[in-house]
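Student: Before we look at any single residue, could you show me how to read a model of this kind, beginning with the overall fold?

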Amino acid sequence: MKKLFILLMILAAICFIGVWIYQTQRLKKNAQAPIGKGQVVMNWGLIILFVIGLVGAFVAPGDKTSAPAEHHPANEHATKVSKAQSSSESTAAASSSSQAASSSSASSSSSSASSSSSSQLQVDFPTDVSLNKTGDATVSFKAPANTQFEIKDSNNNVVTTLNGNAQGADQTYNFKKPGKYHVTAHNGDQTIDKDLTVRGIGQ
């Protein structure tokens, strides 16, 4: 049962990544393309399936394949003798294994810390858009959960601040003036800066 939940989680994650890449490329080609209800339903459906698989993988009991050992009174004495002979060897092996495990753990911790420190906040949004016929340019910002966006104009004045959410849903802002904008994303100790150009109607 646990394997089924893990499989469900993996399939949902793969499908969501594929859909997200498709939608991102579509927005880059046509920033004014409307987001259909079907896309929203599909995105949330895949997220829900992923969460169900993740929760099920932790909650579902693992498959038990080991059978209870049978008791053989006739062989009990021979088993005790064999255990006594191998006890010294197993003690030495356990000591060596413990030292190797400690060394491996220290190396792994060091590697993990290095990898974590070098990671960078990943955000995605179109950096060159144009106002539509009604004088609007809606930009969708994709980022991990609890990511906050601060948008400033060319005079370094704060235009708006988009507060992140725990679900990691896309955040949008409707630009109405052409010009150069500076976008700063914050998530915990991580920060990334990007420039955004909003062009006039028909440009």
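Tutor: The usual start is to list the elements of secondary structure, and here, in what is a predicted model, the protein has three helices and seven strands. Read from the N terminus, the order is α-α-α-β-β-β-β-β-β-β.

Student: What share of the 203 residues counts as buried?

Tutor: Burial is judged from relative accessible area, with under 20% as the cut-off, and 24% of the 203 residues of the protein fall in that class. The protein exposes about 14,000 Å², of which carbon and sulfur atoms supply 57%.

Student: Is Trp44 buried, partly exposed or exposed?

Tutor: Trp44, which lies in helix H2 (residues 37-59), has a relative accessible area of 42%, and because partly exposed covers the range between the buried and exposed cut-offs of 20% and 50%, Trp44 is partly exposed. Trp44 and Phe16 are 28 residues apart in sequence, while their C-alpha atoms are 9.3 Å apart in space.

Student: Which sign does the phi of Asn146 have?

Tutor: Most residues other than glycine have a negative phi. Asn146, however, has a positive phi of about 65° although it is not a glycine, and Asn146 sits in the loop between strand S2 (137-141) and strand S3 (148-152).

Student: Where is Asn156 found, and what is its phi near?

Tutor: Asn156 belongs to the loop between S3 and strand S4 (158-162), and its phi, near 65°, is again positive in a residue other than glycine. With a relative accessible area of 53%, Asn156 is exposed, because exposed means over 50%.

Key:
Residues are numbered from 1 along each chain as its sequence is written. This is a predicted model: local features need pLDDT of at least 70, side-chain atom pairs count only at pLDDT 80 or more; totals for chains, interfaces and linings use all residues. Side-chain values use heavy atoms; hydrogens and water are left out. Helices (H or I, at least four residues) and strands (E, at least two) are DSSP runs, numbered from the N terminus. Buried means under 20% relative accessible area, exposed over 50%, partly exposed in between (1.4 Å probe, protein chains only). Accessible areas come from the Shrake-Rupley method with a 1.4 Å probe; for residues, only the protein chains shown count as cover.
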